[in-house]
Amino acid sequence: MTRVENKIALVTGASKGIGQETARLLATEGAHVVVTDILESEGTDLAKEIGGEFYSLDVSSEENWQTVIKSIQEKYGHLDILFNNAGITGLNENLGPQDPEHISLDAWHQVHNINMDGVFLGCKYGISLMKKHGGSIINMSSRSGVVGIPGAAAYASSKAAVRNHTKTVALYCAEQGYGIRCNSLHPGAILTPLWEPMLGTDPDQRKATIDTVAAGIPLGHMGKPIDVAQAVLYLGSDESAYVTGIELTIDGGILAGSSARPGK
Ligand code: NAP
């Protein structure tokens, strides 16, 4: 239970879903976790539960980042692990259609503002706090950052940007000799609150939707938040000391193959 002992870790979007599970796991493994989110009461409860601290942080706000980073600088003088996790799909936020033909420019910008600009700002300010002592930045992309998604164009585009920017950050930090590693995560379908609006409340409908999604996954079921949290633990720990610029796929095998193939 000491894989990240005494490390200072910051998780964005930590009040729910993957971020919440990751904050719990990092704390269990010995890290002091700075829980951040726009959802204040859930985040404060989680921070209490795991012995961490909560900051309200909208990842798209440069001012918010400056405030949080300044507080960590004053309190601890450094940051060891930064998990840039917060993101939205654009499907649950009443932003209208998300396909490339009908999405509005405003909706396109809103999704990129959180998913892409949020990660850019996290990396920018994370580097400033990590460059003296080194550290690990883990950026949340998606399998949707690798393939096209007709019904979620801005989401897929923003996650592709995260995938690429991660490699730029990894190489830049290596060139500068900062001792900062930077890697991206590419989950497939992970059952979290993000899926709730798509699943609905009717139990039969929920089961039918989950079964349909599962049918497209080689391992035969959706992932759990802990499946992704374990990857963050690895990339945040010294076990991954020689790993930078990679894409870690956690998708039950979806990206391993193609649906257009001869039958079994
Ligand atoms: P989730 O359950 O919706 O949790 C995301 C958290 O981030 C929520 O607490 C959300 O608050 C918060 N958030 C939203 N906008 C924010 C902002 N501007 N600043 C800070 N926090 C913000 O989602 P999840 O499924 O855990 O997803 C976490 C990340 O994994 C996302 O980047 C997502 O794209 C990525 N991902 C998820 C899956 C999946 O299948 N679940 C697959 C691939 C990648 P609100 O609830 O108020 O919005």
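## Exercises: a ligand and its shell

In this structure, an N or O atom in the side chain of Asp 58 is 3.0 Å from a nitrogen atom of the ligand. Before we start, note that the model is predicted: local features need pLDDT of at least 70, side-chain atom pairs count only at pLDDT 80 or more, and totals for chains, interfaces and linings use all residues. Residues are numbered from 1 along each chain as its sequence is written, and side-chain values use heavy atoms, with hydrogens and water left out.

**Exercise 1.** Find which atoms of Lys 16 and Gly 87 lie by an oxygen atom of the ligand.

*Solution.*
- Step 1: Recall that a polar contact with the ligand is a pair of N or O atoms within 3.5 Å.
- Step 2: For Lys 16, a polar side-chain atom lies 2.6 Å from a ligand oxygen atom.
- Step 3: For Gly 87, look to the backbone, where an N or O atom lies 3.4 Å from an oxygen atom of the ligand.
- Step 4: Now the area: the ligand taken alone exposes 880 Å², and the protein buries 91% of that (Shrake-Rupley method, 1.4 Å probe).

**Exercise 2.** Describe the residues of the shell around the ligand.

*Solution.*
- Step 1: There are 28 residues around the ligand (a heavy atom within 4 Å of it).
- Step 2: Lys 16, Asn 85, Tyr 155, Ile 190 and Thr 192 come nearest.
- Step 3: Sort the shell: 16 residues are nonpolar, 8 polar and 4 charged. Here Gly counts as polar, while Tyr and Cys are among the nonpolar ones.

Definitions and conventions: A polar contact is a pair of N or O atoms within 3.5 Å; within protein, one must be able to donate a hydrogen and the other to accept it, and residues adjacent in sequence count only if both atoms are side-chain atoms.
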